[in-house]
Amino acid sequence: MFRELENVEEKFRHLTLSLSDPAVLSNPQKLREISKERFEIEPLVRKYGDYKKIQQQIRDSEGILADDGADAELRALAESEIQELRAKEARLAGELKILMLPKDPFDEKNVILEIRAGAGGDESSLFAQDLFRMYSRLAEKRGWQFEVMSTSISPIGGFKEVVVNIRGKKVYSSLKYESGVHRVQRVPKTEASGRIHTSTVTVAVLPEADEVDIKLDPKELKIEAFGASGPGGQNVNRNYTAIRITHVPSGMVASCQDEKSQHRNKEKALRILRSRLMDIAQSEQDEAIAKHRRSQVGTGERSEKIRTYNFPQSRVTDHRINLTSHNLQGILDGDLNEFIENVVLHFQKQELEELSSSATA
């Protein structure tokens, strides 16, 4: 590992020098490429620098212990410092291993986020609306762009389904582990007896595919225009601006009716379709590589119950990492950082264990 870290550090120095090269400065594309490459490895290089400083401090303290002329108080201080420094050294070594994990090729991508009501009828659609708001507030807090792509409204005003596009820095790497079944336990407003109901909503996080990732053959697409409908299914647009696109070979369907322009609805439906097709292709590839790592780069099956939101106790529990918070309202207001960071760390450690097991096998 340390030989590789030295190579990365040397590469970082070379890239830094290149940024002052007149030939690079006069070539905007080359300048962008070098700056991007340097930016990507900088966190690893900085962390390795911290690790080497700790190692030097350990050597200095060990030198004091080895010095027969050092007084007892100084030796006791050095011994105490070594214990603290060893703990920091171990923590930094673990962080370095995580930073050196193979990068998910989709981590920098924007996402298509799909939220669908599951079991629980009207209550499920209302909770789908709550999750839509939760992710919109998270996007607002992180400075991400949040664009509604497609909606299907339930008769009581919740969402049967809502599809959004979230764009910004490392959106997919932050949200990819949100895929799965989200369970809610609460007393519905329509429940006269005060009985707690359990409902579910499914969330799918897809890396947004562009035309370079997935090329669609127009001959394989069936494109239909229809009148947009509102709550209850009534027709609200007689101009047939809504678009439904079927990818004939796979049977995959994407539709959009939220825009007044047929062209805009078609553009959005194509973006959704590309992302769904790329997700299927990636899932098949993951399954071929390792059957136990299914769907969306090892996030677990989407049918898996990942989180429970318990309203009576103001409690949110992530079942994958046994993390519980009693800040339910804050989480529904977009304060998801604690869950996101701990779930990402959990899967990174899991990946490290798998790599170690395969290396020793």
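# Packing, cores and salt bridges in a predicted model

Q: Which helices do the buried residues of helix 1 pack against?
A: The model is predicted. Helix 1 covers residues 2-18, and Leu5 and Phe12 are among its buried residues. The buried residues of helix 1 pack against helix 2 (22-25), helix 3 (28-66) and helix 4 (72-99).

Q: How far does helix 1 reach from its first C-alpha to its last?
A: Helix 1 has 17 residues. At 1.5 Å a residue, the expected span is 24 Å. The reach from first C-alpha to last is close to that, at 24 Å.

Q: Which helix gives the most to the largest nonpolar core?
A: The largest nonpolar core has 58 residues. Ile115, Leu131, Tyr135, Ile166, Leu175 and Tyr309 have the most contacts inside it. Eight residues of this core come from its main contributor, helix 5 (residues 121-142).

Q: How many residues are in the second, separate core?
A: Nonpolar side chains in soluble globular proteins tend to be buried together. The second core is separate, and includes Leu5, Phe12, Leu44 and Tyr51. Its residue count is 17.

Q: Which residues in the range 127 to 134 does Tyr309 touch?
A: Residues up to four places away in sequence are not counted here. The contacts of Tyr309 include His182, Arg183, Val184 and Gln185, as well as Leu328, Ile331 and Leu332. In the range asked for, Tyr309 touches Phe127, Leu131 and Met134.

Q: Is Lys268 buried or exposed?
A: Lys268 forms a salt bridge with Glu147, with the closest N and O atoms 3.7 Å apart. Glu147 lies in strand 2 (residues 145-153) and Lys268 in helix 7 (residues 262-289), 121 residues apart. Glu147 is partly exposed, at 23% relative accessibility. Lys268 has a relative accessible area of 2%, so it counts as buried.

Q: How many residues apart in sequence are Glu208 and Arg167?
A: Their side chains meet in a salt bridge, 2.9 Å from N to O. Glu208 lies in the loop between strand 5 (197-207) and strand 6 (221-226), and Arg167 in strand 3 (residues 159-167), so the pair ties together parts of the sequence separated by 41 residues.

Q: Which residues are joined into one network by salt bridges that share partners?
A: Arg271, in helix 7, forms a salt bridge with Glu208, the closest N and O atoms being 3.3 Å apart. Arg271 is buried at 13% relative accessibility. Shared partners join into one network Glu147, Arg167, Glu208, Arg264, Glu267, Lys268 and Arg271.

Definitions and conventions. Residues are numbered from 1 along each chain as its sequence is written. This is a predicted model: local features need pLDDT of at least 70, side-chain atom pairs count only at pLDDT 80 or more; totals for chains, interfaces and linings use all residues. Side-chain values use heavy atoms; hydrogens and water are left out. Helices (H or I, at least four residues) and strands (E, at least two) are DSSP runs, numbered from the N terminus. The expected span of a helix is 1.5 Å times one less than its number of residues. Buried means under 20% relative accessible area, exposed over 50%, partly exposed in between (1.4 Å probe, protein chains only). Contact means heavy atoms within 4.5 Å. A nonpolar core is a set of buried Ala, Val, Leu, Ile, Met, Phe, Trp, Tyr and Cys residues joined through side-chain atoms within 4.5 Å. A salt bridge is a side-chain nitrogen of Lys or Arg within 4 Å of a carboxyl oxygen of Asp or Glu.
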